[in-house]
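Reader: I would like to learn how to read a model like this one, feature by feature. Could we start with the aromatic rings?

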Amino acid sequence: LEEGAEAKPAEAAPVPAIFPARLQLAFDRVETLRYGENSHQSAAFYREPNPVAGSIAAYSQLQGKELSYNNIADSDAAWECVKAFDNNNATVACVIVKHANPCGVAIAPTALEAYQKAFKTDPTSAFGGIIAFNCALDKATAEAVSGQFAEVIIAPEITADARAVFAAKQNLRVLVVPLGRSENVYDYKRVGGGLLVQTADMAR
């Protein structure tokens, strides 16, 4: 700057038109949960009227106890991570999540091998975790998974033989979620007195 010249304030980036001046959200209550993230908190699960294809909100529960707040939150983290991997006949993925953090992520030619590799990453943290696959779950994989304590198993398809294996563990929550790569238009984060909104992270 020349001597005596005043610095001009930086211009703010223009706000894209995709962000409305007033944001109004509508969700339908699916169920009231036993408690929230902690036992002293109350909680409920709400679903969008038209959830995007492949989202955790589209789950069907085959067996097990009712889902808790933490189960749903961790299941979403596991499912979003595992579906980011391309699923083809040569490579499938397995993701194990505990307390919203992946403790095992692996790809392999089969679901069984992917699970074994993911579990070996951190067997201690895998205890009581959420296990997600981006492929059909077969009997051999179900038998291997049943050897550890897990809260939730998620896959786009579970064979009849695999379901029979899981049936022996009545408390194990087993979810089927259609596999899809669609993303929510917006990502939300609640802050004190407000809401942060951004477009979905599509740079995968």
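Author: Happily! This is a predicted model, and by the rule for ring pairs the count comes to five aromatic pairs. Take phenylalanine 127 and phenylalanine 149: their ring centres are 5.1 Å apart and their planes stand at 50 degrees, so the pair is tilted.

Reader: Which parts of the chain does this pair link?

Author: Distant ones: phenylalanine 127 is in the loop between helix H3 (123-126) and E6, while phenylalanine 149 is in the loop between H4 and strand E8 (150-155), 22 residues apart. Phenylalanine 127 counts as exposed, at 52% relative accessibility. Phenylalanine 149, at 39%, counts as partly exposed.

Reader: How far apart are the ring centres of tyrosine 186 and tyrosine 188?

Author: Their centres are 6.2 Å apart; the planes are at 55 degrees, so this pair is tilted. Phe19, Tyr186 and Tyr188 form one aromatic cluster.

Reader: Is tyrosine 186 buried or exposed?

Author: The cut-off helps here: buried means under 20% relative accessible area. Tyrosine 186 has 18% relative accessibility and so counts as buried, whereas tyrosine 188, at 30%, counts as partly exposed.

Reader: Now the surface. Which residues make the nonpolar surface patch?

Author: Leu23, Leu25, Phe27, Tyr46, Tyr188 and Leu195 make a patch of about 520 Å². Among them is the Tyr188 of the aromatic cluster. Phenylalanine 27 lies in the segment before strand E1 (28-33) and is partly exposed, with a relative accessible area of 37%.

Reader: Let us turn to helices. Why do residues three or four places apart point the same way?

Author: An α-helix has 3.6 residues a turn, so such residues share a direction. Now look at helix H2 (residues 111-121): its buried residues are Ala111, Ala114, Tyr115 and Ala118. Down the axis of H2, these buried residues fall within an arc of 100 degrees, so they line one face of the helix.

Reader: What covers the buried residues of H2?

Author: The cover includes strands E4 (92-98), E5 (101-108), E6 (129-133) and E7 (136-137), along with helix H4 (139-145).

Reader: And how would I read a single position, such as serine 75? Where is its place?

Author: Begin with the element: serine 75 is in helix H1 (residues 69-82). Next comes accessibility: serine 75 is buried, with a relative accessible area of 1%.

Reader: Which residues is serine 75 in contact with, leaving aside its neighbours within four places in sequence?

Author: Those contacts of serine 75 are Ile56, Ile130, Val152, Ile154 and Leu175.

Note on methods:
Residues numbered from 1 in each chain as written. Predicted model: local features only at pLDDT ≥ 70, side-chain atom pairs only at ≥ 80, totals over all residues. Heavy atoms only, no water. Buried < 20%, exposed > 50% of the residue type's maximum accessible area, 1.4 Å probe, protein only. Helix = DSSP H or I, 4+ residues; strand = E, 2+ residues; numbered from the N terminus. Arc of directions from axis to C-beta. Contact = heavy atoms within 4.5 Å. Patch = residues over 30% accessible without salt bridge, like charges linked within 9 Å, V, L, I, M, F, W, Y side chains within 5 Å. Areas by Shrake-Rupley, 256 points an atom, 1.4 Å probe, with all protein chains shown as cover. Salt bridge = Lys/Arg side-chain N within 4 Å of Asp/Glu carboxyl O. Phe/Tyr/Trp six-rings, centres within 6.5 Å; stacked < 30°, edge-to-face > 60°.
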